[in-house]
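Here is my note on the model you sent. The points are numbered so you can reply to each in turn.

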Amino acid sequence: MKDVTILTTSTCGYCKMAKEFLVKNKIHFTERDVNKDLQARREMTSRNITGVPVFLIGNDVVVGLDKTRVLELVDHRLVQCENCGTAVRMPTKEGKISARCPKCKSVLNL
Ligand SMILES: [Zn+2]
């Protein structure tokens, strides 16, 4: 599964919307504030990106809140274990699969 990172600044309204969008769609992500995270800022400048939010999804980059593109690229959803509440990443592109909760070993279905 691809890792999802979102590059943000604390003052950007679209970044807030972008995070809400990811949460709503049950996407697991890591947030990096480019004003505090020098490496994240280098990630942007090396790609000539000047605005946030930026989504890094595997090897793909989405600049701006392009919801359709993000949903196309993300290949997992978070499924919450009914038994213990642990959120587990499940691949969405492998048909119908089931997995076990890493914590309580209950069977999870996507
Ligand atoms: Zn569980």
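Which residues are exposed on the other side of α1? They are Gly13, Glu20, Val23 and Lys24. Keep in mind throughout that this is a predicted model. The points below start with that helix and then widen out.

1. **The buried face of α1.** Three residues of α1 are buried: Cys15, Ala18 and Leu22. Viewed down the helix axis, these buried residues fall within an arc of 55 degrees, so they line one face of the helix. Their cover includes β1, residues 4–8. Gly13, Glu20, Val23 and Lys24 sit on the other side and are exposed.

2. **The length of α1.** The helix covers residues 13–24, which is 12 residues. At 1.5 Å a residue, the span should be 16 Å. The C-alpha atoms at its ends are 17 Å apart, so expected and modelled values agree.

3. **After α1.** Lys26 follows the helix. Its phi is positive, near 55 degrees. Please look at this residue on your display.

4. **Order of elements.** The protein has three helices and eight strands. Reading from the N terminus, the order is β-α-β-α-β-β-α-β-β-β-β.

5. **The β5–β6 hairpin.** Strand β5 takes in residues 76–80, and strand β6 takes in residues 87–91. The two run antiparallel and are joined by five bridges. Val79 stands opposite Val88 of β6. Six residues lie between the two strands of this hairpin. One of the turn residues, Gly85, has a positive phi of about 85 degrees. As a general reminder, side chains in a regular strand alternate between the two faces of the sheet.

6. **Two domains.** The domain assignment splits the protein into domain 1, residues 4–73, and domain 2, residues 76–109. How many ångströms separate their centres? The distance between the centres of domain 1 and domain 2 is 25 Å, taken over C-alpha atoms.

7. **Overall dimensions.** Along the principal axes, the C-alpha atoms fill a box of roughly 45 × 25 × 20 Å.

8. **Burial and contacts.** The protein has 110 residues, and 17% of them count as buried. Cys15, Ala18 and Leu22 of α1 are among the buried residues. Now take the contacts with a separation of 6 or more. Residues 24 or more positions apart account for 44% of these.

Key. Residues numbered from 1 in each chain as written. Predicted model: local features only at pLDDT ≥ 70, side-chain atom pairs only at ≥ 80, totals over all residues. Pairing = 2+ DSSP bridges. Helix = DSSP H or I, 4+ residues; strand = E, 2+ residues; numbered from the N terminus. Buried ≥ 20, exposed ≤ 12 C-beta atoms within 10 Å, placed from the backbone. Contact = placed C-beta atoms within 7 Å. Expected span 1.5 Å × (residues − 1). Arc of directions from axis to C-beta. Domains from an automatic or database assignment.
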